Amino acid sequence: MLKLLLFIGVVSAVYFFFFKKKSLPPSNDTSQEEAMIPCAQCGTYVQVKETLMRDGKYYCSRECMEV
Ligand SMILES: [Zn+2]
């Protein structure tokens, strides 16, 4: 009987762990904003929110974009 209780305890602990992990709010939005991507022209890594975009490519500055 004690073994069964222990087994149930372990199973529910594992289940709870996975369930808790899955139900965490997605933090993709903030991490994507902080992500660094290389400039398509000079290769300098810049934050996504600081880049300029043209034709689906990211550029670190107007100078790079207009080359
Ligand atoms: Zn650049």
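**Salt bridges, a zinc site and a nonpolar patch in a predicted model**

A search of the whole structure finds 2 salt bridges, a salt bridge being a side-chain nitrogen of Lys or Arg within 4 Å of a carboxyl oxygen of Asp or Glu. The structure is a predicted model, in which local features need pLDDT of at least 70 and side-chain atom pairs count only at pLDDT 80 or more, while totals for chains, interfaces and linings use all residues. Residues are numbered from 1 along each chain as its sequence is written, and side-chain values use heavy atoms, with hydrogens and water left out.

A look at the overall layout helps to place what follows. The chain has 3 helices and 4 strands; both kinds of element are DSSP runs numbered from the N terminus, with helices (H or I) of at least four residues and strands (E) of at least two. Starting at the N terminus, the order of the elements is α-α-β-β-β-β-α. Of the 67 residues of the chain, 12% count as buried. Here buried means under 20% relative accessible area, exposed means over 50%, and partly exposed lies in between, with a 1.4 Å probe and protein chains only.

The salt bridges can now be taken one by one. Side chains of opposite charge can pair when their charged atoms come close. One bridge joins Asp 55 to Arg 54, with the closest N and O atoms 4.0 Å apart. Asp 55 is found in the loop between β3 (52-54) and β4 (57-59). With a relative accessibility of 72%, Asp 55 counts as exposed, whereas Arg 54, at 36%, counts as partly exposed. The backbone of Asp 55 also deserves a glance: its phi is positive, at about 50°, although Asp 55 is not a glycine. Another bridge links Arg 62 with Glu 66, and here the closest N and O atoms are 3.9 Å apart. Glu 66 counts as exposed, at 55% relative accessibility.

Attention turns next to the metal site. The zinc ion is coordinated by the SG atoms of Cys 39, Cys 42, Cys 60 and Cys 64, at 2.2 to 2.3 Å. Donors are N, O and S atoms within 2.8 Å of the metal (3.2 Å for Na, K and Ca), and sites may look incomplete because water is not among the atoms. The arrangement is tetrahedral because the 4 donor atoms subtend angles of 105 to 114° around the zinc ion; four donors earn this label if all angles lie between 85 and 135 degrees. For four tetrahedral donors the ideal angle at a metal is 109.5 degrees.

Along the sequence, the donor residues of the zinc ion follow the spacing C-x2-C-x17-C-x3-C. Cys 42 lies in the loop between β1 (36-38) and β2 (45-47) and Cys 64 lies in helix α3 (residues 62-65), so this pair ties together parts that are 22 residues apart in sequence. The donors can also be described by their accessibility. Cys 39 is buried, at 5% relative accessibility, and Cys 64 is buried too, with a relative accessible area of 10%. Cys 42 is partly exposed at 42%, and Cys 60 is partly exposed at 23%. As for disulfides, defined as pairs of cysteine sulfur atoms within 2.5 Å, the count comes to 0.

Two residues in the strands show how parts of the chain are placed relative to one another. Ile 37 is in strand β1 and counts as buried, at 18% relative accessibility. The C-alpha atoms of Ile 37 and Val 48 are separated by 6.4 Å, and these residues are 11 residues apart along the chain. Lys 57 belongs to strand β4 and counts as partly exposed, at 46% relative accessibility. Between the C-alpha atoms of Lys 57 and Pro 38, 19 residues apart along the chain, the separation is 9.7 Å.

Finally, there is a surface feature to point out. Met 1, Leu 2, Leu 4, Leu 5, Phe 7, Ile 8 and Val 11 form a nonpolar patch on the surface, with about 810 Å² of accessible area together. Patches are made of residues with over 30% relative accessible area and no salt bridge, with like charges joined within 9 Å and nonpolar side chains (Val, Leu, Ile, Met, Phe, Trp, Tyr) within 5 Å. The accessible areas come from the Shrake-Rupley method with a 1.4 Å probe, and for residues only the protein chains shown count as cover. One member of the patch, Val 11, lies in helix α1 (residues 2-22) and counts as partly exposed, at 42% relative accessibility.

Technical notes
Four donors count as tetrahedral if all angles lie between 85 and 135 degrees; four count as square planar and six as octahedral if opposite donors are over 155 degrees apart and all others between 65 and 115; anything else is irregular.
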